[in-house]
Amino acid sequence: MKILIIEDEPQMLDNMRITLEREHYQVETAVDYKTASAKLGVYDYNCILLDINLPDGNGLNLLEQIKTQGKAHGVIIVSAKNSLDDRLKGLNLGADDYLPKPFHNAELNARVKAVLRRLNFEGHNLITIGNVSITPENREVKIHKKVIELNRKEYDILMYLITNKNRLVTKSALAEHVWGDHIDQSDSFDFIYSQIKNLRKKIEEASINVEAVYGVGYKLNIN
Amino acid sequence: MKLLNYTTKYVSLLLLPLITIWAIAFYYAMLDEIYDSLDDGLENHKILLTKRANEDPSILNNTDLNKHVYTFNPISENEYRDFKDSYRDTLMYMYNEDDFEPVRIFESKLKHDHGFYKVKIVTSMIEEDDLISDMFKYLISLYALLLISILLLNNILLRKIWKPFYYSISQLKNFKIEKESKIITKPSSIDEFQLLNDTITKLIKKSSDSYIEQKHFIENASHELQTPLAISINKLELFLENHPLNENQTKSLASILDNLNRLTRLNKSLLLLSKIENKEFLEEECIDFLSLTKKITEDFEDLLLHRNMSISIDHNSMINANMNKDLAIILLTNFIKNAIIHGSPNQQINIQLHHNSWSICNIGKPKALNKEDLFTRFKKVSYSNKSSGLGLAINKAIASKYNLEVSYSFKDAHTFYIHFHQTLI
């Protein structure tokens with residue numbers, strides 16, 4: 001799985017690269033429009049992370065170039081602007097997702113995986129982990145081929161943790177992903193804990209478990 | 001009190017003593033002149049009588065004032081010598097008036113042949129009480145006339161003069177710096193007003209400039225903060241994953257992360273405020289507030305369950321309004337989130353939709369919140385230090401963008417309202 005990160009801020013680029021390399025993707029980088037354009041002309045990528053504010057050009061033009069080449073790239077726009085205009089323009093030009101800065105590493109990972117999955121680069125629709133199998137299209141979760149009833153939020157939590165398996169997912173990253181900006185207040189931690197407790201009960205039979213890390217976040221482990 | 005009435009008040013107060021003093025002085029001056037001319041007349045009469053006595057000495061026998069306007073009384077030579085002319089006022093019966101009226105009596109001496117006489121001549125006098133009452137009437141009318149003319153003059157002339165002033169003031173009243181409205185002043189030929197207009201125009205320009213500058217500063221600062229925040233958060237997250245840390249170390253890092261996340265939310269809220277004020281949310285559609293309320297309430301289901309609360313929605317009519325959908329969601333979400341977070345656990349939250357008002361009511365701390373600055377930035381009502389203090393400020397900004405009114409009232413429970421001036425059916 002080849003990924004190209006186009007980002008002019010070197011430290012930002014580093015973080016993204018390390019995060020994605022840990023998921024065993026082959027990551028290449030470009031720090032400006034020119035380099036990015038040259039790389040896109042020569043190589044194929046499965047997913048492109050595109051910062052649209054580049055010092056020597058507008059990332060949206062790169063997006064047009066990508067789309068005219070007609071290759072099945074997934075494109076995620078990464079922007080510090082979070083402007084509706086850019087978001088709409090980007091999505092209209094064929095971007096698959098729009099990720100506003102700042103974001104959590106876990107979120108970046110989840111978005112990339114979601115795009116790759118949607119474009120079928122993983123080769124199959126079924127996600128299997130231990131004795132758990134998930135069909136994302138119909139949000140079906142099976143343990144030992146037995147269907148488990150999860151509500152919407154429980155499913156989202158489980159998917160997010162599975163996407164970031166073996167990695168520490170902080171509570172705020174989890175809260176933001178599952179509940180959006182709704183849960184950003186004082187008692188959110190207590191609240192998340194009770195949600196995780198419910199989920200744990202439902203996946204007792206599974207060969208995966210949700211480990212609490214010092215009250216900081218959670219980690220999904222495969223037994 | 002208006003300036004023109006204010007001056008009128010003082011002018012009328014000042015006029016009263018002025019006219020009174022003037023009236024008294026005038027009265028005495030006039031009286032003096034009348035006496036002078038009466039006395040002259042009496043003296044002249046005496047000369048005429050003296051001449052007549054020479055022709056007809058019989059008149060010297062007139063001793064009754066009631067029959068003639070003069071009398072002669074013989075006196076001794078000694079008395080004649082010591083006698084001094086005198087005038088005095090007294091009352092005498094007047095047949096025409098059927099009353100005693102004031103008269104002026106002139107007493108003098110007369111020598112005829114070898115006889116000495118005291119002569120008295122009477123003339124009717126001015127009636128002082130009548131004069132005073134007449135004068136009083138005329139003065140009152142003068143006073144009233146003066147006041148009426150001053151008032152009329154003020155209202156017609158001054159009003160015309162002050163027109164540019166009131167025009168400028170009305171412009172200022174409607175001026176809203178956040179709406180970037182312009183002030184148009186009417187040129188005036190009066191220096192003071194022209195000065196005022198020029199000063200207002202300059203002041204407004206300065207304020208608008210610095211307001212726009214501030215706005216851009218906040219927006220730019222918020223934008224510029226995003227990248228370093230992103231780098232810090234991601235680096236810390238990677239660090240947490242990479243290094244085997246003990247519990248205390250992990251917790252310290254997590255607390256730093258939490259604070260960075262808080263900063264991020266704060267920054268996002270500030271950016272959102274800037275965007276609302278910069279009119280970046282242009283697209284509008286008809287929003288059905290009932291179904292939107294239901295949808296948002298569903299999103300909070302887990303949190304409600306966790307706090308053992310529930311939300312009931314009562315509606316006796318639909319509310320539809322043209323708005324940007326994202327902003328409508330933010331508006332309702334902020335109110336609903338506040339009600340859940342600040343509401344007491346185990347209580348019910350009630351949302352009501354009436355034909356032009358949406359309200360949410362929750363039971364919380366039994367004390368009214370400060371209405372004055374509830375909707376201003378960074379006025380935190382709770383002790384929870386994680387709230388940004390911008391939620392209600394954002395709601396206020398959204399409301400003023402769409403000409404809605406947001407308000408708050410406390411009556412055992414906290415209620416927030418959105419009033420719609422224009423709804424669609």
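Domain bounds here come from an automatic or database domain assignment. Keep that in mind as you work through these exercises on a predicted model.

**Exercise 1. Which domains of chain B each give at least three residues to the lining of the second largest pocket?**

Step 1. Start with the assignment for chain B: domain 1 covers 3-131, domain 2 covers 191-277 and domain 3 covers 285-419.

Step 2. Now look at the pocket itself. Its volume is about 690 Å³, and 23 residues line it, with B:Glu178, B:Lys396, B:Ala397, B:Ser400 and B:Lys401 lying nearest its centre.

Step 3. Bring in the secondary structure. Helix H5 (247-277), helix H9 (391-401) and strand E10 (405-411) of chain B each contribute at least two lining residues. H9(B) has the largest share, with six residues.

Step 4. Put this together: domain 2 (191-277) and domain 3 (285-419) of chain B each provide at least three residues of this lining.

Step 5. For the chemistry, sort the lining by class: 10 residues are nonpolar, four are polar and nine are charged.

As an aside on the layout of chain B, the centres of domain 1 and domain 2, taken over C-alpha atoms, are separated by 99 Å.

**Exercise 2. Find what lines the second largest cavity, and say which element supplies the largest share of the lining.**

Step 1. The structure has three cavities of 30 Å³ or more; the second largest has a volume of about 50 Å³.

Step 2. List the lining by chain. From chain A come A:Asn105, A:Ala106, A:Leu168, A:Val169, A:Thr170 and A:Ala173, while chain B adds B:Glu237, B:Leu240 and B:Glu241.

Step 3. Map these onto elements. Helix H5 (105-118) and strand E12 (169-170) of chain A, and helix H4 (191-242) of chain B, each give at least two lining residues. The largest share, three residues, belongs to H4(B).

Step 4. By class, the lining holds five nonpolar, two polar and two charged residues.

Step 5. Follow E12(A) away from the cavity. This strand belongs to an open antiparallel sheet of three strands in chain A, ordered E12-E14-E13. E12 and strand E13 (208-213) of chain A are the edge strands, each pairing on one side only. Two antiparallel bridges link E12(A) with strand E14 (residues 217-222) of chain A, and A:Thr170, one of the cavity-lining residues, stands opposite A:Gly217 in E14(A).

**Exercise 3. Trace the strand partners of E9 in chain A, and say which way its side chains point.**

Step 1. On one side, strand E8 (residues 127-129) of chain A pairs with E9(A) in the antiparallel sense over three bridges. In this pairing A:Ile129 stands opposite A:Val132.

Step 2. Two residues lie between the strands of this hairpin, and A:Gly130 takes a positive phi near 60°.

Step 3. E9(A) also runs antiparallel to strand E10 (residues 140-143) of chain A, joined by four bridges. Here A:Val132 stands opposite A:Ile143. This second hairpin has four residues between its strands, and A:Arg139 in the turn has a positive phi of about 50°.

Step 4. Recall that side chains in a regular strand alternate between the two faces of the sheet. In strand E9 (residues 132-135) of chain A, A:Val132 and A:Ile134 point one way, A:Ser133 and A:Thr135 point the other way, and all are buried.

**Exercise 4. Is A:Glu7 buried or exposed, and which side chain does the side chain of A:Glu7 contact?**

Step 1. Locate A:Glu7 in the loop between strand E1 (2-6) and helix H1 (10-21) of chain A.

Step 2. Apply the cut-off: buried means under 20% relative accessible area. A:Glu7 has 0% relative accessibility, so this residue counts as buried.

Step 3. The side chain of A:Glu7 makes a polar contact of 3.2 Å with that of A:Lys101.

Step 4. A:Lys101 is joined to A:Pro102 by a cis peptide bond, with omega about -5°. A:Pro102 sits in the loop between strand E7 (97-100) and H5 of chain A.

**Exercise 5. Is A:His24 buried or exposed, and what is its phi?**

Step 1. A:His24 lies in the loop between H1 and strand E2 (26-30) of chain A.

Step 2. The exposed class starts over 50%. A:His24 counts as exposed because its relative accessibility is 72%.

Step 3. Its phi is near 65°, a positive value in a residue other than glycine.

Definitions and conventions
Residues are numbered from 1 along each chain as its sequence is written. Chains are lettered from A and ligands numbered from 1 in the order in which they are written. This is a predicted model: local features need pLDDT of at least 70, side-chain atom pairs count only at pLDDT 80 or more; totals for chains, interfaces and linings use all residues. Side-chain values use heavy atoms; hydrogens and water are left out. On a 1 Å grid over the protein atoms alone, a cavity is a set of points where a 1.4 Å probe fits but cannot get out, and a pocket is an open set with protein on both sides within 12 Å along at least five of seven lines; lining residues have an atom within 4 Å of a point. Grid points are joined across faces, edges and corners, and a volume is the space filled by probe spheres set on the points. Ala, Val, Leu, Ile, Met, Phe, Trp, Tyr, Cys and Pro count as nonpolar, Asp, Glu, Lys and Arg as charged, and the others, Gly among them, as polar. Two strands pair if DSSP finds at least two bridges between them. Buried means under 20% relative accessible area, exposed over 50%, partly exposed in between (1.4 Å probe, protein chains only). A polar contact is a pair of N or O atoms within 3.5 Å; within protein, one must be able to donate a hydrogen and the other to accept it, and residues adjacent in sequence count only if both atoms are side-chain atoms.
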